[in-house]
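Q: Hi! Could you walk me through this one in plain words?

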Amino acid sequence: MSISSRFAVGIHILALIELNKEGITSSEFLASSVNTNSSVIRKLMGMLKNAGLIEVKPGVAGAKLAKELSDITLFDVYRAVNVVQEKELFSVHDNPNPKCPVGRNIQNTIEPLFTSAQLAMEKVLRSVTLEDVVKDIAKNENN
């Protein structure tokens, strides 16, 4: 099991909107780049719009970023596409056997570790902007 691909696709959508500023960035265009169905893209674009990361107009093809690249962090995208709820990146199994010493104590032992790991990951995501991603894409494209 891994983090939902919505996160990576959300970053993909935002980067492509930026890099295609001169063109019309429709859901069909984005879907062809992501190699998925345009309905998946429209759903994610709705999430990005609700989070204030993109602007779209009903009945008009195309989207644009609602903020500067340097003002959008990967954490913003992570939250926008509902990858996970707060402190729920890692799941702890329900109902371990209370008659077993491990079963009795496993949840209280590992939940704080899981919370610390999620907070550390989210700290990293807060430190990376969409501008960093777009610059890296441009650098890789020009090599």
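What follows is a short chat about a few helices.

A: Sure! This is a predicted model, where local features need pLDDT of at least 70, side-chain atom pairs count only at pLDDT 80 or more, and totals for chains, interfaces and linings use all residues. Residues are numbered from 1 along each chain as its sequence is written, and side-chain values use heavy atoms, with hydrogens and water left out.

Q: Cool. How many residues does α3 have?
A: Helix α3 runs over residues 38–50, which is 13 residues. Helices here are DSSP runs of H or I with at least four residues, strands are E runs of at least two, and both are numbered from the N terminus.

Q: Which residues of α3 are buried?
A: Ser38, Ile41, Leu44, Met45, Met47 and Leu48. Buried means under 20% relative accessible area, exposed over 50%, and partly exposed in between (1.4 Å probe, protein chains only).

Q: And what covers them?
A: The cover includes α1 (6–19), α2 (27–34), β1 (54–57), β2 (60–65) and α4 (74–80).

Q: Back to Ser38: what does it touch?
A: Leaving out residues up to four places away in sequence, Ser38 touches Ser27, Glu28 and Ala31. Contact means heavy atoms within 4.5 Å. Ser38 has a relative accessible area of 15%.

Q: What comes after α3?
A: Gly52 follows, and its phi is positive, near 80°.

Q: New topic: at what angle do α1 and α6 cross?
A: Roughly 70°, with the axes of α1 and α6 (residues 130–142) coming within 10 Å. Axes are lines fitted to C-alpha atoms, for helices over the stretch in contact, and angles run from 0 to 180 degrees between N-to-C directions.

Note on methods:
The expected span of a helix is 1.5 Å times one less than its number of residues.
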